[in-house]
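Thank you all for coming; I would like to take a few minutes to walk through one model with you. Please have the sequence and the structure open as I talk.

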Amino acid sequence: MKKAILILLLSSALASSNELDYLIESTSSIVDQMNKGVQMVGAGLEYSHQGTGLSDGTMHLEAQITSAQLSAYNSALINMSNYLPYGDTKQTLLDMADEHLQIVDESVDVFTSAVVQMQTAHQVVEMAETAATPNEEEQVKDFVTANVESLQITQETVDDYNSSLESIEENANIASSFIAVANNTEATEFLRQGAEDNSTTAEMSTVAYDANQQWVKMTYSNGNANAVFLNGQSFGLDLYLTGAEILAAGSESEYYQTSPMLNGYNCYFNQDC
């Protein structure tokens, strides 16, 4: 269990354009021009021998093939070597991960707001814990009594804290599982082969992380599926950490290091470090 399951950053290239669509578009452009050209030549052969018609002298321009069309066609031929007829399994997984990372970001905003609103509890506990004499304890009492309303925490804030925390864990795990599989060449090839065996594409399939089964499953358009385990059974992917390991990693994170939880209320809000 050496790899963290909470991976909150996505590193991926932009999805490539569909090489087959590009080939069809560029080829059709050439064929359309040739079709016009053959029609024009056929008409020219007819009316030139019979004296039955004239063009305005510019018809050839409409049927000529441009350098841009030629370049696009030849490039499309070359780019077909990169075409993935069964879809791009890695990019599909990364795109799915990105959807869940967006949810993580939104939930982090809600969570952060709730934590800031509940820092009154942090303020109170710091004062209470440092009170070493009866006089200082009386100061704590006076402060709390005078500010009891502003120090209270609402149920709505607690609900926001709890729900956003659950959302972050759930969606961070999903994103991490998808990224881990996407970055494993053997795993993506296994899922791609499944798409080929089922005559479909990765993009037409559904991808899901199952915490109970401890796998990422790709279900193909015909209902068949392949799964990659994340507990060490598949392709060396062993992602699950203990709670202690996750909290230790969290304590080293930038998010925690820049939060009031590390240095305290007075240091964070009043710069009294």
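**From one serine to the core and the sheet**

Let me begin with Ser107, which is buried, with a relative accessible area of 9%, and I should say at once that this is a predicted model. Because the limit for calling a residue buried is under 20% relative accessible area, Ser107 at 9% falls within it. Ser107 belongs to helix H4, which spans residues 89–117, and, if we leave aside neighbours within four places in sequence, Ser107 is in contact with Ser164, Ser167 and Ile168.

Turning to the nonpolar interior, the largest core has 25 residues, and those with the most contacts inside it are Leu93, Phe178, Val181, Val216 and Leu230. At least two residues of this core come from each of H4, helix H8 (155–182), helix H9 (185–197), strand S1 (206–210) and strand S2 (215–219), with H8 giving the most, namely 7 residues. Phe178, not counting residues up to four places away in sequence, touches Leu93, Met96, Ala97, His100, Val207, Ala208, Tyr209 and Val216.

How, then, are the strands arranged? The 3 strands form an open, antiparallel sheet in the order S1-S2-S3, and S1 and strand S3 (225–229) stand at the edges with a single partner strand each, so one side of each has no neighbour in the sheet. The twist averages 20° from one strand to the next. S2 and S3 pair over 5 bridges, and Val216 stands opposite Val228 in S3.

Finally, H8 lies across S1, S2 and S3, running at about 115° to S1, whereas H9 lies across S2 and S3, running at about 170° to S3.

Notes. Residues are numbered from 1 along each chain as its sequence is written. This is a predicted model: local features need pLDDT of at least 70, side-chain atom pairs count only at pLDDT 80 or more; totals for chains, interfaces and linings use all residues. Side-chain values use heavy atoms; hydrogens and water are left out. Helices (H or I, at least four residues) and strands (E, at least two) are DSSP runs, numbered from the N terminus. Buried means under 20% relative accessible area, exposed over 50%, partly exposed in between (1.4 Å probe, protein chains only). Contact means heavy atoms within 4.5 Å. A nonpolar core is a set of buried Ala, Val, Leu, Ile, Met, Phe, Trp, Tyr and Cys residues joined through side-chain atoms within 4.5 Å. Two strands pair if DSSP finds at least two bridges between them. Axes are lines fitted to C-alpha atoms, for helices over the stretch in contact, and angles run from 0 to 180 degrees between N-to-C directions.
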